[in-house]
Amino acid sequence: MAEVDLAVIGAGLSGCSLVGRLQQLVSDLNITLIEAGRGPGGRTATRLRRDQSDWLLDHGAPGFALSGSMTAGMKELVTPLFSAGVLQRDERAVLSLNDEADLSQATSPEASPVGGWWHGVPCMASICEALLNGAGSAQLNHQFETSVRWLERRKDHWLLENEDRTWSLRAKRLVLSGTLLAHPRSLKMLAWDDVPLRSAVAEGVDVDLDAVLSQLQRSQAEVRWNLMVDLGVLALNDEKLPSQIWLNDPAKAHWNVERLVLQQQSDGRWGLVVHGLDSGEAITPESHGRLLAQEQKRLMALLPELLKALPVVSAALKQATPLGVMRWGASRPLNHPLPPELQWCPRSEVGFCGDWIEGPGFGTAEGAIQSGVNLAEQLHADRQSLVAAGSGSAW
Ligand SMILES: Cc1cc2nc3c(=O)[nH]c(=O)nc-3n(C[C@H](O)[C@H](O)[C@H](O)COP(=O)(O)OP(=O)(O)OC[C@H]3O[C@@H](n4cnc5c(N)ncnc54)[C@H](O)[C@@H]3O)c2cc1C
């Protein structure tokens with residue numbers, strides 16, 4: 001079986017930033033990026049349609065804030081994206097909706113961040129795609145539509161396998177950019193009977209990894225149910241629609257919805273994404289289908305009320321086509337971030353990146369990018385020290 005230098009599980013913003021930054025820093029690394037989805041993006045993925053080839057709807061994060069505190073490495077990673085026009089300022093209005101469904105200018109820090117909103121062009125998935133297509137020369141293989149289920153830590157390498165073990169990969173080092181293989185939520189949600197990373201390295205073998213797993217065990221994440229709708233062409237005349245409508249706290253409590261996102265398609269039609277909050281009912285393989293149908297019905301029924309201050313959009317509801325609900329099992333980590341000093345566990349040669357790493361961007365897209373950059377720089381520095389100590393190209 002061929003062996004790669006590094007296997008990265010997850011092609012969201014953090015995994016792609018890690019790979020993109022490593023490509024900028026190192027020229028002779030052999031990396032495989034494994035992703036359960038059809039392509040890169042993760043929570044900044046874009047929903048396509050089989051029946052409409054040019055339909056692109058950002059059904060996760062519609063954009064994000066970038067603070068002034070980016071490190072030099074992160075700036076170096078994202079600057080080519082600005083230059084290529086893939087990452088652009090979103091100048092469209094962001095509004096707030098109260099519990100009487102009246103609209104006003106958004107002023108909360110979440111809806112109206114300092115520095116404004118940034119988004120991917122033509123869609124959010126373009127950001128991850130561009131990060132992977134950077135100018136680096138490290139050898140990169142993609143393995144999409146592959147969910148890693150089994151992890152095994154052997155003497156000097158990792159063995160990764162999918163559910164039915166028809167796919168496997170041997171890697172000297174491993175990075176997990178999501179928490180699925182390390183968090184007990186998988187036990188209930190996927191009916192797994194073990195936490196794969198725990199099974200791979202028994203308790204007591206690696207104190208750092210034990211600390212990572214115990215921190216994760218305590219952490220919670222927010223569930224989202226995002227309804228996608230094709231609104232068709234709108235009779236706008238010169239009216240400009242907002243990009244997002246954030247519900248204020250009383251409105252959130254009233255409708256159990258966080259925000260509405262409007263996105264125009266290249267053929268003039270409009271897509272709508274309703275970010276529905278969770279009811280708290282346990283998600284299991286048995287309840288999943290029923291909950292998806294329940295949320296679609298609930299959120300569709302709320303639309304006339306939520307959109308009454310935008311007559312041009314509410315008039316389109318008669319012709320609107322629901323496109324299903326996307327369940328985000330962990331849309332945003334809420335607490336117990338992983339301290340950055342635990343991002344790399346040298347004994348087990350496993351590392352972590354993602355928006356669940358402690359820092360100013362915890363729980364946000366910016367934090368995800370920064371965590372990937374930080375881990376890449378740490379791996380690069382470790383590699384340089386090995387070379388300086390005479391271990392040659394140890395990996
Ligand atoms: C609905 C929604 C709205 C949001 N709004 C905002 C916002 O307004 N502003 C903001 O800053 N952030 C927002 N976020 C958060 C932002 O999207 C995330 O912080 C960021 O995208 C996380 O990137 P990541 O790489 O850490 O994780 P992810 O994007 O989740 O990437 C992890 C990847 O790993 C893959 N994966 C996991 N386990 C396996 C496995 N076993 N095998 C194979 N692949 C695996 C997953 O499929 C996924 O693609 C939002 C998120 C959601 C869901």
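Where does Pro-122 lie? In this predicted model, Pro-122 falls in the loop between strand S8 (117–120) and helix H3 (125–132). There the chain does something out of the ordinary: the peptide bond from Val-121 to Pro-122 is cis, and its omega is near 5 degrees. Most peptide bonds are trans, and most residues other than glycine have a negative phi. A second oddity of the backbone turns up at Glu-145, whose phi is positive, near 55 degrees, although the residue is not a glycine. Glu-145 also belongs to a loop, this time the one between strand S9 (139–143) and strand S10 (148–153).

Turning to the sheets, seven strands make up an open one, with mixed pairing and the order S7-S6-S14-S15-S16-S13-S17. Strand S7 (103–105) and strand S17 (321–333) sit at the edges, each with a pairing partner on one side only. Going from one strand to the next, the twist averages 25 degrees. Within this sheet, strand S14 (residues 244–247) runs antiparallel to strand S15 (residues 257–264), and three bridges hold the pairing. Gln-244 has Val-261 in S15 as its bridge partner. Helix H8 (residues 288–306) packs on the sheet and touches much of it: its contacts are with strand S6 (94–97), strand S13 (221–233), S14, S15, strand S16 (269–277) and S17. The direction of H8 makes about 55 degrees with that of S13.

Another set of pairings centres on strand S12 (residues 168–176). Strand S1 (residues 3–9) runs parallel to S12, and six bridges join the two; Ile-9 stands opposite Leu-176 of S12. Strand S11 (residues 158–162) takes the antiparallel sense instead, joined to S12 by four bridges, with Trp-158 bridged to Ala-171. S11 and S12 form a hairpin with five residues between them, and in the turn Arg-165 has a positive phi of about 60 degrees. Strand S19 (residues 350–352) also pairs with S12, in the parallel sense and over three bridges. In that pairing, Val-175 has Gly-351 of S19 as its bridge partner.

That leaves the ligand, which has 33 residues around it. Ser-14, Glu-35, Arg-43, Arg-259 and Asp-355 come nearest. Sorted by class, the shell holds 12 nonpolar, 16 polar and five charged residues. The protein backbone takes part too. A polar backbone atom of Leu-13 lies 3.2 Å from an oxygen atom of the ligand, and one of Ala-365 is 2.9 Å from a ligand oxygen atom. For Val-148, a backbone N or O atom is 2.9 Å from a nitrogen atom of the ligand. Taken alone, the ligand would expose 1,000 Å², and the protein buries 91% of that area. Helix H1 (13–25), S13, S17 and helix H10 (365–388) are the elements that each give two or more residues to the shell. Two of these names come up in the open sheet as well: S13 and S17 are among its seven strands, and H8 touches both of them.

Methods
Residues are numbered from 1 along each chain as its sequence is written. This is a predicted model: local features need pLDDT of at least 70, side-chain atom pairs count only at pLDDT 80 or more; totals for chains, interfaces and linings use all residues. Side-chain values use heavy atoms; hydrogens and water are left out. Two strands pair if DSSP finds at least two bridges between them. Axes are lines fitted to C-alpha atoms, for helices over the stretch in contact, and angles run from 0 to 180 degrees between N-to-C directions. Contact means heavy atoms within 4.5 Å. A residue is near a molecule or strand if one of its heavy atoms lies within 4 Å of it. A polar contact is a pair of N or O atoms within 3.5 Å; within protein, one must be able to donate a hydrogen and the other to accept it, and residues adjacent in sequence count only if both atoms are side-chain atoms. Accessible areas come from the Shrake-Rupley method with a 1.4 Å probe; for residues, only the protein chains shown count as cover. Ala, Val, Leu, Ile, Met, Phe, Trp, Tyr, Cys and Pro count as nonpolar, Asp, Glu, Lys and Arg as charged, and the others, Gly among them, as polar.
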